[in-house]
Structures are given as C-alpha cells and as structure tokens.
Amino acid sequence: MSTVSRTDFDRYIVPVYSPASFIPVKGQGSKVWDQEGREYIDFTGGIAVNVLGHAHPALVEALTEQAHKLWHVSNIFTNEPALQLAKKLTEATFADRAFFSNSGAEANEAALKLARRYAYDNFGEDKYEIISTLNSFHGRTYFTVSTGGQAKYSSGFGPKIEGIKHVAYNDLAAMEAAISDKTCAVILEPIQGESGVLPADQAYLEGVRKLCDKHNALLIFDEVQTGMGRTGKLFAYMHYNVIPDILTNAKCLGGGFPIGAMLTKEHIAKSFSVGVHGTTYGGNPLACAVANKVVDIVNTTEVLNGVEIRRALFQQELERIGKQYNIFSLVRGKGLLIGCVLTPEWKERTKEIIQAAEQQGLMLLQAGPEVIRLAPSLIIEEADIKEGLKRFEQAIQKLA
C-alpha cells in the first residue's frame, strides 16, 4: 500500500472539505491515534455518529459475523438483519413502518417525498407546501438543501424546489402565520444541531403539533443527529411527549457504519406503494446487522441514564472554564449533544479554538459561527472526559 499524507488530500480530493492537519488511523473507545502515533481524545464522535466510540467489540463482532454471511442482495430481496431492525425500531417508538437508507439526507429526502405523496393521495395536488425553519439543516441532496434554512448550502445550484417556506425557529406565531390548508408537512429538528445546538421550547413543539393537526399537515421530526440515545432518551421527541407523524434518524444508528432510517405510521406509509420510492443499498445486511447491535446496547437503562451522568460532568466543568476565561455565555443542548456559545470577544475565534485543542490532543466540533459543539460517545469513560476537558483548558490558556 502506498504511503499517503495530509497533502494528498489537497492534491486528489474534491475540495468540499477542509479537514484537520492530521490523519486518524486508529481508534479505540474515545481515543484516536494519528499516523505519527499521537493520541487524541475524541469529543466529536464523528459528528454525533460514533455512539459507542471507536471499534466497540460488540459492533466489530456483529459486522464480522455478518460479513461471513451476506453482504448485499438489494431490495429485490429482503434480508434478516433489515427485518430485525425494523421490528426493533417500530416496537420502541410511535411508528408502524420503517424505510432504510444510507444516510440522514436520504432519510429526510424519503420523508419529504412521502409527505407530499401522502397529501397528494389524500387531499389533492394543491396540498404540497412544506414549512421548514431558518438555520435548519436537513442534508445535502437538492430537496434537503432547499428545505434547510441556510442559503449558504442551497445557493448557486439553480432554481430552488418550489413550495418551501422558512420561518423562525421556536417562533410559534411565525409558524401559525405561515401554515395553511396547502401545507402538506412541517419539518423540524427538536434540537437544531448544525446551526448551534438550539433546543426547541416545549410549548413550541406542542403548538406546532396542534397546528399540523388543524391543517391536516404531517409533522416530520428530523432526528438524524438527536436520535438513538444522543439526548438521554432513545429519541428526542420522548423528552417533549410530542409525537411526530414521520421521524428520521441516521448518525448514531449505525455507530459509524452508514445507515439511515425513516419511521412512520401505517396509514401514511401506504402512500409509498411498490415502485414509488426506493434505494439499492438501503437496508444493507452489513449496516443493519451493526445497527441491530447498536439498538440492543443503547436502548437500555444503563446507557441512557449514563448519558445524563456524563452530561453533568461536562456541564459542570465547561461552565467553570467558561466563567474563568469568559469564553462561554451559555452551555446548552440535551444529553451528549452540547453547544458552548462563545462570548462576544471569543466568537470570531472558533476555528482558532478548535486548532488549539488539536495541538493539545483534543478533537472538537463547530456548530454555526460561534458555537463549540461536543458530541462524544455515549459511553465515554469518566477519565477521558476529565482528560479531554483538561486539554481543552490548556488550549484556552494558550489562546488567552
């Protein structure tokens, strides 16, 4: 195998990313090592993906076992891991039916198409409008960037998909003014992730649910980032006791193996009849075998309660650091989806903070222009939390 370095990225890869200066080559738990053998504490979790850390033995075993059986057959046939996973997800949630994809964007694409098709089937062709929120993020396909409320992701690709409105997040009056009998769906993140880890208000989600019911519109919860234990519940909607009509999930679901899922009710699923939608790889036996094991481990009292215990450790120390160095105005989010909002004097230095942390052996994320985001493994060791936060403080000391 030929030797590669970080400079090869700049030579060979389409420049849609700007990765860190090092190349991770090995991970175990919440630690990562680069090509030079340098250790890092991982507070990124692969952007809220590595729910059980790196190379969890149960996931390695599940993948290896399935790899010796069946890799791929397409959806011309079904497979046992996909059926087992669908059963587990529907039995654990409000849903009756599941559709599997390869990513969160594809899960959201399916949800949006299903909402329009359901409205077409039941109310006619004029009921097609979708309401999303400003600063939302729902993926990178053409439909999902059009639905997402951030122009930087949708501009420059030609005419937008018609029939999509954007209103302020957590603003029930704005939603009420926008929704009508032409609305087929409202899509929301219970916690806006990419734009700054901003949780929805209880009254807001309850109010949107009522507005959707009033106008025969479907409520879609994008839980790509918040689902599968990330917030301390299996799904974030369970904190609010507000039930969506369609839910999407990905990221944590595969623990690092690409998979997405759309969950919905029986009467809605009927609008996706044979041939209306599909995917070649979705429901792949390898992905579903790993996801089955993820669900088995995460959907337990031990792991879900452990999320809140770990959150408290992070919260206490991050608030102390924030106060001592006047770096954070607020530490928000739920569970182990944590957003640290930078104070005015620090908000222009987000990338500088992440790079300084990297120099101390710590991996961090950004969410929006002025928020440091943490999304570590749900089972990260207490010692790794303490060491990672120690390294973070050392990085801040150098910058201050």
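**Exercise 1. How many bridges join strand 13 to strand 14, and do the two strands run parallel or antiparallel?**

Solution. Keep in mind as you work that this is a predicted model.

- Start with the strands: strand 13 covers residues 328-334 and strand 14 covers residues 337-342.
- Next, count the links. There are 6 bridges, and the two strands run antiparallel.
- Look at the end of strand 13, where Lys334 stands opposite Leu337 of strand 14.
- Finish at the turn: the hairpin has 2 residues between its strands, and Gly335 takes a positive phi near 55°.

**Exercise 2. Work out the strand order of the open sheet that contains strand 15, and find what packs on that sheet.**

Solution.

- A reminder helps here: strands of a sheet pair through backbone hydrogen bonds, either parallel or antiparallel.
- This open sheet has 4 strands in the order 1-2-3-15, with mixed pairing.
- Its edges are strand 1 (24-28) and strand 15 (362-363), since each of them pairs on one side only.
- Now take strand 3 (residues 39-42) and strand 15: they run parallel and are joined by 2 bridges. Asp42 has Met363 of strand 15 as its bridge partner.
- Last comes the packing. Helix 15 (residues 382-399) touches strand 2 (31-34), strand 3 and strand 15, and the helix direction makes about 105° with that of strand 3.

**Exercise 3. Describe how helix 4 meets helix 12.**

Solution.

- Two packed helices are described by the angle between their axes and the distance between the axes.
- For helix 4 (residues 80-91) and helix 12 (residues 285-298), the axes come within 8 Å and cross at roughly 35°. The crossing is left-handed.
- Then list who makes the contact. Helix 4 contributes Pro81, Ala82, Gln84, Leu85, Lys88 and Leu89. From helix 12 come Pro285, Cys288, Ala289, Ala291, Asn292, Val295 and Asp296.
- Sorting these contact residues gives 9 nonpolar, 2 polar and 2 charged.

**Exercise 4. Characterise the second largest pocket by its volume and its lining.**

Solution.

- Rolling a probe the size of a water molecule over the atoms shows where empty space is left.
- The volume of the second largest pocket is about 800 Å³.
- Its lining has 28 residues, and those nearest the centre are Arg97, Ala98, Phe99, Phe100 and Phe272.
- Helix 4 appears again here: together with strand 4 (97-101), strand 12 (260-264) and helix 11 (266-269), it belongs to the elements that give two or more residues to the lining.
- By type, the lining divides into 12 nonpolar, 12 polar and 4 charged residues.

Key
Residues are numbered from 1 along each chain as its sequence is written. This is a predicted model: local features need pLDDT of at least 70, side-chain atom pairs count only at pLDDT 80 or more; totals for chains, interfaces and linings use all residues. Side-chain values use heavy atoms; hydrogens and water are left out. Axes are lines fitted to C-alpha atoms, for helices over the stretch in contact, and angles run from 0 to 180 degrees between N-to-C directions. A crossing is left-handed if the near helix is turned anticlockwise from the far one by less than a right angle, and right-handed if clockwise. Contact means heavy atoms within 4.5 Å. Ala, Val, Leu, Ile, Met, Phe, Trp, Tyr, Cys and Pro count as nonpolar, Asp, Glu, Lys and Arg as charged, and the others, Gly among them, as polar. On a 1 Å grid over the protein atoms alone, a cavity is a set of points where a 1.4 Å probe fits but cannot get out, and a pocket is an open set with protein on both sides within 12 Å along at least five of seven lines; lining residues have an atom within 4 Å of a point. Grid points are joined across faces, edges and corners, and a volume is the space filled by probe spheres set on the points. Two strands pair if DSSP finds at least two bridges between them.
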